[in-house]
Amino acid sequence: MAQSKGSASVIVIKKYANRRLYDTSTSQYVTLDHLRDLVKNGTDFQVVDAKSGEDLTRGVLAQIIFEEEARGANLLPVDFLRQLISFYGDSLQSVVPGYLQMSMNNFAQQQEEFRSRMSEAMTSPQASMSMLEEQTRRNMEMFGQAMRMFTPFSAGTGAETEGPAQTAPAAKESDDVAAMRAELDAMRAKLDKLVKD
């Protein structure tokens with residue numbers, strides 16, 4: 001059984017109270033590993049509570065990530081997880097999902113180029129530093145774009161105006177940019193140290 005989502009079909013996975021997962025497209029009970037394989041194959045699915053019909057997809061995807069991390073995959077750096085947790089309840093919480101989505105989409109589009117550059121980086125520390133700096137620069141540009149999408153709303157009209165109304169947001173953005181630059185400098189210093197060691 002699959003639900004229509006646009007032109008693509010979405011497999012429905014039912015989750016029962018005993019935590020078992022049932023793939024309605026194959027009429028079989030499945031594991032989280034099966035769902036992980038569906039993700040890797042680009043197959044879209046939705047996990048729903050078998051009794052209430054509540055959408056549980058986000059929680060199940062997060063569970064797959066936690067299981068991968070527990071197996072030692074270590075894709076998510078500890079500092080990243082701490083920063084992510086710190087955004088919960090923060091005024092920028094609403095910006096973070098869009099920024100992360102843009103970052104991952106950008107990364108996915110450039111993964112072939114990134115793979116070839118990684119091969120180069122394995123043989124040359126200078127190429128490694130250059131690649132990391134370039135990716136960091138791109139991420140900073142995307143974050144700047146995401147922040148600019150929300151800046152006009154602080155002026156009240158949505159239009160760019162000169163005057164006191166923009167002074168406070170500009171100062172705040174300037175402080176944020178300065179803080180990001182300081183973090184970037186600290187990251188570069190750490191990378192320099194790693195390359196020298």
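Ser 25 is partly exposed, with a relative accessible area of 38%. I start with this residue and then move outward to the helices and to the protein as a whole. Please keep in mind that what we are looking at is a predicted model.

Ser 25 sits in the loop that connects β3, residues 21-23, with β4, residues 28-30. Which side chain does Ser 25 contact here? The partner is Asp 23, and the polar contact between the two side chains is 2.6 Å. There is also a relation to an earlier part of the chain: the C-alpha atoms of Ser 25 and Ile 13 are 8.2 Å apart, while the two residues are separated by twelve positions in sequence.

Let me turn to the helices, beginning with α1, which covers residues 32-40. Its buried residues are Leu 32, Leu 35 and Leu 38. Viewed down the axis of α1, these buried residues fall within an arc of 110°, and therefore they line one face of the helix. After α1 comes Gly 42, which has a positive phi, near 80°.

The second helix I wish to discuss is α4, residues 96-109. Does its end-to-end distance agree or disagree with the expected span? With 14 residues at 1.5 Å a residue, α4 should span 20 Å, and its end C-alpha atoms are indeed 20 Å apart, so the two values agree. As for burial, Val 96, Tyr 99, Ser 103 and Asn 106 are the buried residues of α4. Seen along the helix axis, they fall within an arc of 100°, so they too line one face of their helix. On the face of α4 that is turned away from this buried side, we find the exposed residues Pro 97, Met 104 and Gln 109.

Finally, the overall picture. How many helices and strands does the protein have? There are seven helices and five strands. Read from the N terminus, the order of elements is β-β-β-β-α-β-α-α-α-α-α-α. The protein has 197 residues, and 20% of them are buried. The accessible surface amounts to about 14,100 Å², with carbon and sulfur atoms contributing 56% of that area. On the contact side, if one takes contacts between residues at least 6 apart in sequence, 48% of them join residues at least 24 apart.

To close, I return to the two helices: the buried residues of α1 lie within an arc of 110°, and those of α4 lie within an arc of 100°. Thank you for your attention.

Key: Residues numbered from 1 in each chain as written. Predicted model: local features only at pLDDT ≥ 70, side-chain atom pairs only at ≥ 80, totals over all residues. Heavy atoms only, no water. Buried < 20%, exposed > 50% of the residue type's maximum accessible area, 1.4 Å probe, protein only. Helix = DSSP H or I, 4+ residues; strand = E, 2+ residues; numbered from the N terminus. Arc of directions from axis to C-beta. Contact = heavy atoms within 4.5 Å. Areas by Shrake-Rupley, 256 points an atom, 1.4 Å probe, with all protein chains shown as cover. Expected span 1.5 Å × (residues − 1). Polar contact = N/O pair within 3.5 Å; in protein donor to acceptor, adjacent residues only side chain to side chain.
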